[in-house]
Amino acid sequence: MSPSLIDWEAGRAFLGRSFLMSVETAEKRIALTFDDGPDPGNTPKLLDLLASKEIVATFFLVGKKVRRHGDLAVGIHRAGHHIGNHGYHHFPFTVLPNRLVVSELRRTSDAIAGATGVAPRFVRPPMGWFSTRVLELFRLARLRPVLGNVYPRDSARPGADVIARRILRNVTPGSIVILHDGGWRPRIDRSQTLEAVDRVTDVLGADGYRFDTLPGLIEAARSAKSAKE
Ligand SMILES: [Zn+2]
């Protein structure tokens, strides 16, 4: 993910035309999303944490890692979380020719569907890099592009306090929060992210917030809207 566009108001408006950034709702509901897994060091601990709080989330998985850790992808799916496509090698799509972008998307979707039986419907491009060409390839692959509107930059590991503060400062009803349970390097430690998630879910939960998968958040917003009409 590139923070610059998300942190800049005009950039957000531009992104909002191409990506799902947040869901319009008055209800206190948000979606936590985790990129770059499945990771054998962090994902099981995160799954335990979410299970202990009866929280469901969305995981944007890297295809190559799904091939290597299929059991973790199955664990994520069985726990009721939603799984999206985050590319096969985590190469930025903008530097790849069309046929390789198509292959990155297809191989990842195949790996996820092979492990869980469910093909992804959402894509988050590696590093958040995209172009109109890449967006058109998402459309052809029937994958809905998603970024998010709360980006605490946990991947840089600024400390659990900072991550938690950035989330709490920016969350509003319908927010999509971008977090990481994996990373570029193997065996990267995401304990700061886990600690921040533990704290913010307590604080937000006490404030009346519920946590949904992406399709759950979209569906809840849709039914709240039609109930009002
Ligand atoms: Zn990523």
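This text goes through a predicted model, from its nonpolar core to one helix and then to some backbone features.

In soluble globular proteins, nonpolar side chains tend to be buried together. The largest nonpolar core here has 56 residues, and those that touch the most other members are L32, L61, A73, I167 and V177. For L32, leaving aside residues up to four places away in sequence, the contacts are A57, V177, L179, V197 and F211. V177 thus appears both among the residues that touch the most other core members and among the contacts of L32.

I167 leads on to α8, which spans residues 160-170. The buried residues of this helix are I163, A164 and I167. They lie on the same side of α8, because the arc they cover around the axis is only 95°. On the face turned away from that buried side, α8 carries the exposed residues D161 and R169. The buried residues pack against two elements, β6 (176-180) and α9 (191-206).

The packing of α8 with α9 can be described further. The axes of the two helices are 8 Å apart, and the angle between them is about 40°. An angle under 35 degrees would count as roughly parallel and one of 65 to 115 as roughly perpendicular; α8 and α9 are therefore oblique to each other. From α8, the contact is made by A160, I163, A164, I167 and L168, and from α9 by Q192, T193, E195, A196, R199, V200 and V203. The crossing of α8 past α9 is right-handed. Within this contact, α8 contributes I163, A164 and I167, which are also its buried residues.

The remaining features concern the backbone in loops. Most residues other than glycine have a negative phi, and most peptide bonds are trans. The peptide bond from G37 to P38 is cis, its omega being near 0°. P38 sits in the loop that runs between β1 (29-35) and α3 (43-52). L32, described above for its contacts, falls within the range of β1.

Two residues that are not glycine have a positive phi: E54, where the value is near 55°, and R153, where it is about 55°. E54 is located in the loop between α3 and β2 (58-61), while R153 belongs to the loop between β5 (144-145) and α8. How exposed are they by C-beta neighbours inside 10 Å? E54 counts as exposed because it has 8 such neighbours. R153 has 17 and therefore counts as partly exposed.

Note on methods
Residues numbered from 1 in each chain as written. Predicted model: local features only at pLDDT ≥ 70, side-chain atom pairs only at ≥ 80, totals over all residues. Core = buried A, V, L, I, M, F, W, Y, C linked by C-beta atoms within 7 Å. Buried ≥ 20, exposed ≤ 12 C-beta atoms within 10 Å, placed from the backbone. Contact = placed C-beta atoms within 7 Å. Helix = DSSP H or I, 4+ residues; strand = E, 2+ residues; numbered from the N terminus. Arc of directions from axis to C-beta. Axes fitted to C-alpha atoms, helices over the stretch in contact; angles between N-to-C directions. Parallel < 35°, antiparallel > 145°, perpendicular 65-115°, else oblique. Left-handed = near helix turned anticlockwise from the far one by under 90°.
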